[in-house]
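Dear colleague,

I am passing a structure on to you, and my notes on it follow below. Please read them with the coordinates open beside you.

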Amino acid sequence: MSLQDQFTFEAQTPLPGLPFATVQAEILARAAQFDLPVVTNTDQETQIATDYGNYSFLLRDGVAHVQVGSSRADWLYVLKESLSDTIAELAPEVGAAMAWSDAQEQAGRRPPNFQFITIREVTQIAGGFLRVVADAEDLSQFTPDAIHFRLAMPDADLSTPQWPYLSDTGLTVWPKGEALLHRPVYTVRDMDAATGRLVFDIFEHDGGRTTEWARRAQPGSQIGLTGPGGGGIPQTTAIRIYADETGFPAVARILADLPAQARGQVVLEHTHPSSTGYPLPEHPGFSVTHRTADPDQNLGALAITDLDDTPGPDLDQMIWLAAEKAAAQTLRAHLKAAGVDSKKHYVAAYWTRPAAGGLES
Ligand SMILES: Cc1cc2nc3c(=O)[nH]c(=O)nc-3n(C[C@H](O)[C@H](O)[C@H](O)COP(=O)(O)OP(=O)(O)OC[C@H]3O[C@@H](n4cnc5c(N)ncnc54)[C@H](O)[C@@H]3O)c2cc1C
């Protein structure tokens, strides 16, 4: 069945100069990597399904084309953007020549997954966090499973902020130079889609631009938000969780949303002593332990020692880690070497410590 018949929103673009076989091989490899179902695979078409909609890669008159279909306009945009990035990586000149069929009618508009949020209040909460309560324009795309977003913040000294818009080929044009937007990722701590009320918690750390912004933010001020994106509530009833402060809001969401029969352990790492006070919901199936950050053993290394008695491929609990990049790399390398199924773990770098004497990556 064609994507037009399956989905309300659809767009397509030729991929001139990119051999169909190359596109097909790349897409099948990515489908395998991310466990995406392959709906159709012939020598003329490969169609894959995602949570947001489907991609169909077609050979028409000897030229590779891609068609994208989705039930929502903002999801269609996310799929198009992700594909544009993939093609630009694979063949930059083809990426630059892509022209989406719906681009002209949308040129100049803001990207469908971008909105403004208006600050209601910022309060200090226990644990060294600032809690932001804001009014969003539309939270309908934040399904219970979609808990992360990016802020889009102009430099505080900029008198006239600039915001992203869509080009006449359908790509997003982000402000550059002094108008560059800072776009850190945060977690929906609480929300009400009916009223647009959005709550998120910022771990205060020295030199953090978001910390600085939140300390100064006045009720009524506006910043941008894109999302949702990335990760969500793990679909499991057995899980071992490791997180430093940046992951505490996500841990809170997970404990609140996992079913009553779920069982597991939570290890919270404190880079700052006050963060032991961060409010977490109680879950009867979970024990929570705390530890102070240890420069000789990052959180990933700790998780590995905990796993030592559990042979990798037979892991009966999901492993979830959100912490500094080095901890994520340590654990990811171990799980890969042990052959642990990717569905059995979520390991994410939530922030990057600057290299000694160098700049943050
Ligand atoms: C999926 C996801 C969800 C996240 N959810 C949250 C959340 O809900 N709440 C939250 O507080 N964070 C969260 N984070 C982490 C947050 O995005 C990063 O900490 C980000 O760097 C913060 O940006 P900033 O503007 O504060 O710092 P920047 O201005 O970008 O960086 C300034 C300096 O601060 C350093 N830095 C960044 N984070 C820390 C830290 N935690 N401790 C010490 N130094 C740091 C940087 O290395 C840099 O040197 C999340 C990250 C991801 C990927």
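Strand 11 (185–187), strand 13 (197–203), helix 6 (209–216) and strand 19 (345–351) are the elements to display first, since each of them supplies at least two residues of the shell around the ligand. Please keep in mind throughout that this is a predicted model.

**The ligand and its surroundings**

The shell around the ligand is made up of 22 residues, and the closest of these are His182, Phe203, His205, Thr210 and Thr352. Sorted by character, the shell residues comprise 10 nonpolar, 9 polar and 3 charged.

Three polar pairs may be useful when you inspect how the ligand is held in the model. An oxygen atom of the ligand lies 2.5 Å from a backbone N or O atom of Thr352, and an oxygen atom of the ligand is found 2.8 Å from an N or O atom in the side chain of Arg209. In addition, a nitrogen atom of the ligand is placed 2.9 Å from a polar backbone atom of Asp201. The ligand taken alone exposes 930 Å², of which the protein buries 86%.

**Domains and annotation**

The domain assignment divides the protein into domain 1 (3–101), domain 2 (114–226) and domain 3 (238–351). Where does the ligand lie with respect to domain 2 and domain 3? Both domain 2 and domain 3 give residues to the shell, and the ligand therefore lies between them. The centres of domain 1 and domain 3, taken over C-alpha atoms, are separated by 35 Å.

According to the UniProt annotation, which belongs to an unreviewed entry, residues 112–235 are covered by "domain: FAD-binding FR-type". In the model the span 112–235 is 38% strand and 6% helix, and the C-alpha atoms at its two ends lie 28 Å apart.

**Residues in strands 3 and 4 and the loop before strand 3**

Ser56 is placed in strand 4 (residues 54–60), and its relative accessibility of 1% is under 20%, so Ser56 counts as buried. The side chain of Ser56 is joined to that of Glu45 by a polar contact of 2.6 Å.

Thr46 belongs to strand 3, and with 0% relative accessibility Thr46 likewise counts as buried. The side chains of Thr46 and Asn41 are joined by a polar contact of 2.7 Å.

Gln44 sits in the loop between strand 2 (38–41) and strand 3 (45–49). Is Gln44 buried or partly exposed? Its relative accessible area is 41%, and Gln44 is therefore partly exposed, a class that lies between the 20% and 50% limits. Should you want a long-range reference distance, Gln44 and Asp257 are 213 residues apart in sequence, and their C-alpha atoms are 43 Å apart in space.

**A pair brought together across the chain**

Ala103 is located in helix 5 (residues 103–106), where its relative accessible area of 2% makes it buried. Although Ala103 and Ser167 are 64 residues apart along the chain, a distance of 7.4 Å separates their C-alpha atoms.

**Backbone geometry to check**

Three backbone details deserve a look before you prepare the model for calculations. The peptide bond from Gly227 to Pro228 is cis, with omega near 5°, and Pro228 is located in the loop between strand 14 (222–226) and strand 15 (238–243).

Asp35, a residue other than glycine, has a positive phi, near 60°. Asp35 is found in the loop between helix 2 (20–33) and strand 2, and at 42% relative accessibility Asp35 counts as partly exposed.

Asp61 is not a glycine either, yet its phi is positive at about 50°. The position of Asp61 is in the loop between strand 4 and strand 5 (63–70). Which class does Asp61 fall into, buried or exposed? The relative accessibility of Asp61 is 80%, which is over the 50% limit, so Asp61 counts as exposed.

With best regards

How values were computed:
Residues numbered from 1 in each chain as written. Predicted model: local features only at pLDDT ≥ 70, side-chain atom pairs only at ≥ 80, totals over all residues. Heavy atoms only, no water. UniProt positions renumbered as here; feature names shortened; annotations may be inferred. Helix = DSSP H or I, 4+ residues; strand = E, 2+ residues; numbered from the N terminus. Near = heavy atom within 4 Å. Polar contact = N/O pair within 3.5 Å; in protein donor to acceptor, adjacent residues only side chain to side chain. Areas by Shrake-Rupley, 256 points an atom, 1.4 Å probe, with all protein chains shown as cover. Nonpolar A, V, L, I, M, F, W, Y, C, P; charged D, E, K, R; others polar. Domains from an automatic or database assignment. Buried < 20%, exposed > 50% of the residue type's maximum accessible area, 1.4 Å probe, protein only.
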